[in-house]
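Trainee: I should like to learn how empty space inside a protein is read from a model. May we go through one together?

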Amino acid sequence: MKDMAVWQNADWIAAIAVIVLGIFLVIGAKVAVQKETEFAGHPKGLYMLFFAEMWERFSYYGMRALLIFYLTKHWLFVDSKANLIYGAYTSLVYITPVLGGYLADRYLGQRKAVLFGGLLLAAGHSLMAVEGVGGQSDPTINVFWLALAFIIVGSGFLKANISVMVGQLYKLTDVRRDGAYTIFYMGINLGAAIGTIMVGYLGETIGWGYGFGLAGIGMLAGLVVFVLGKGALNGVGEAPKLLSKSKEMLLYAVGLASVAVIWALVQYQDVIQSLLIVSGIGLLGYVLYETFKLPKEPRERMFAVLFLISLNPLFWGLFEQAGGSMSLFTDRFVDRGGVPASLFQSINPILIILVAPMFAVLWTWLGKRGKDPSAPAKFGLALAQMGLANLVLVWGAEAFGVAAMTPVLLVFAYYFLATTAELCLSPVGLSAMNRLAPSFMASLIMGAWFYMTAVGNFVAGKIGEATGGEGGAMTKQGLLDIYELFGWISIGVAVAVLLISPIVKRWMHLDTLEDRSEPKPE
């Protein structure tokens, strides 16, 4: 361990992250041992899911913080190709919840699906620690592709289903639902912030294997929390009907077999684009088929769901530049004061931890007075702020001079606006999916939400690829030009969404929601 007298900024940041993690673990232990069924107005099950998801996000976002640098500095991909691989990987992470959600709805139940997904994730993050000698000619790169495949499939079984379990803890009309999802979202971002700092710090200052190894340890910790906290769920997330052991094992075998398919797929990004188009049409067709069999009000609620989901690709296409082109920009063109570039990805989750409670209080306060903006209006505000984040970075960097190093303050401004945008869209969207979808389609619709997020992540890869220009190497001016173009596009779409949001709000029929499962159509 270094002498504290010679610690640099990165060392202090990592030490603070360790202390914060320790504080939250003490709080978690207090909640776990108390006899009361609720803590701070919410069921204990929420906090168990909070900590399980915190550790899973610790591992996922810690690994994500290093990925673009691992691709460019260790495996030696050019910038444009690295951005495309990054986008393809993250898109598959978000598309597999469609299958995982379907299998949980019909067979496994959410709890077993989450547990199986966690085991696959732990395997994947552990394999990421195998780094070899580097370069694309190193056969160890196949272990890297396999690690990505395990993480992708594991996320498919875990991601949508753990979010569904949060909603199942509450009645449909419970005013605490949006607040609960915001608290859950804080767990996601606590893990993301600490994981990004600790994994990024070890990976960039000591070695890639140390960083990725720590991510694997974090995933194992999440599994332990989930298994030990089963009692706090009060039966939430169990299988819809008794499942034979043979059928259950068959489903797990399908999950393992899909790892091999993804191992091949993640290496061919053009195939993923075709897959997204074909599977998207199929998914939309199935959802519309089920939608048109519903009575009028549930049918219109599904129209509202589809409208909200359709806005995901643009928002996440811009937001997810954080792990790709924005990280490369920060590494090469920003005056960082010696702090590793990967650590800057922690700004977003840190801001969410600080600002999310204010949003939770604000939505509840406005809701009790009948003035809470509708979900589509919040989505419009999110797109406007994301567009402004791009434009502020562009205008600021050009004002200081493209040839000069960009002040780090502009990076903080970019992430602040992106964060407030995210808080207007992501937790609100998760709540809306669970609230508006018929109960027999709950996990599938949550999976569809993540599917369109997957499309957004692939779009992010294509946008990041464009910043590399024809030669594949990213230039500062090339990135600023692309960011400015999409900044204006996002603001234009935001205006249109705000104008039609009253119509979409009427489709939601919030005044007639009842605390019962809507019957599946014949």
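Mentor: Let us begin with the lining of the largest cavity, bearing in mind that this model is predicted. Helix 7 supplies the largest share of that lining, five residues.

Trainee: How is such a space found, and what volume does the largest cavity have?

Mentor: Rolling a probe the size of a water molecule over the atoms shows where empty space is left. In this structure there are three cavities of 30 Å³ or more, and the largest has a volume of about 330 Å³. Its lining comprises 25 residues, and the closest to its centre are Tyr-61, Tyr-94, Tyr-185, Ile-188 and Glu-422.

Trainee: Which elements give two or more residues to the lining of the largest cavity?

Mentor: They are helix 2 (44-74), helix 6 (141-168), helix 7 (177-205), helix 12 (312-319), helix 14 (347-368), helix 16 (408-436) and helix 17 (442-466). By residue type, the lining divides into twelve nonpolar, seven polar and six charged residues.

Trainee: Which residues line the second largest cavity?

Mentor: Its lining consists of Ala-52, Glu-53, Val-114, Leu-158, Ile-162, Met-219, Gly-222, Leu-223 and Phe-226, around a space of about 50 Å³. Helix 8 (208-228) is joined by helix 2 and helix 6 in supplying at least two residues each. Helix 8 gives the most, with four residues. Seven residues of this lining are nonpolar, one is polar and one is charged.

Trainee: Let us turn to a single helix. How should I read the buried residues along helix 10?

Mentor: An α-helix has 3.6 residues a turn, so residues three or four places apart point the same way. In helix 10, the buried residues are Gln-269, Ile-272, Leu-276, Gly-280, Leu-283, Val-287, Glu-290 and Thr-291. These residues pack against helix 3 (79-95), helix 4 (97-108), helix 9 (245-265), helix 11 (296-310) and helix 17.

Trainee: What distance does helix 10 reach from its first C-alpha to its last?

Mentor: Helix 10, residues 269-291, has 23 residues and reaches 32 Å, close to the 33 Å expected at 1.5 Å a residue.

Trainee: Ser-91 lies in helix 3. Is Ser-91 buried or exposed?

Mentor: A residue counts as buried when its relative accessible area is under 20%. Ser-91 has a relative accessible area of 1%, and is therefore buried.

Trainee: Which residues does Ser-91 touch, leaving out those up to four places away in sequence?

Mentor: Ser-91 touches Ile-272, Ala-454, Asn-457 and Phe-458. Of these, Ile-272 is one of the buried residues of helix 10.

Methods:
Residues are numbered from 1 along each chain as its sequence is written. This is a predicted model: local features need pLDDT of at least 70, side-chain atom pairs count only at pLDDT 80 or more; totals for chains, interfaces and linings use all residues. Side-chain values use heavy atoms; hydrogens and water are left out. On a 1 Å grid over the protein atoms alone, a cavity is a set of points where a 1.4 Å probe fits but cannot get out, and a pocket is an open set with protein on both sides within 12 Å along at least five of seven lines; lining residues have an atom within 4 Å of a point. Grid points are joined across faces, edges and corners, and a volume is the space filled by probe spheres set on the points. Ala, Val, Leu, Ile, Met, Phe, Trp, Tyr, Cys and Pro count as nonpolar, Asp, Glu, Lys and Arg as charged, and the others, Gly among them, as polar. The expected span of a helix is 1.5 Å times one less than its number of residues. Buried means under 20% relative accessible area, exposed over 50%, partly exposed in between (1.4 Å probe, protein chains only). Contact means heavy atoms within 4.5 Å.
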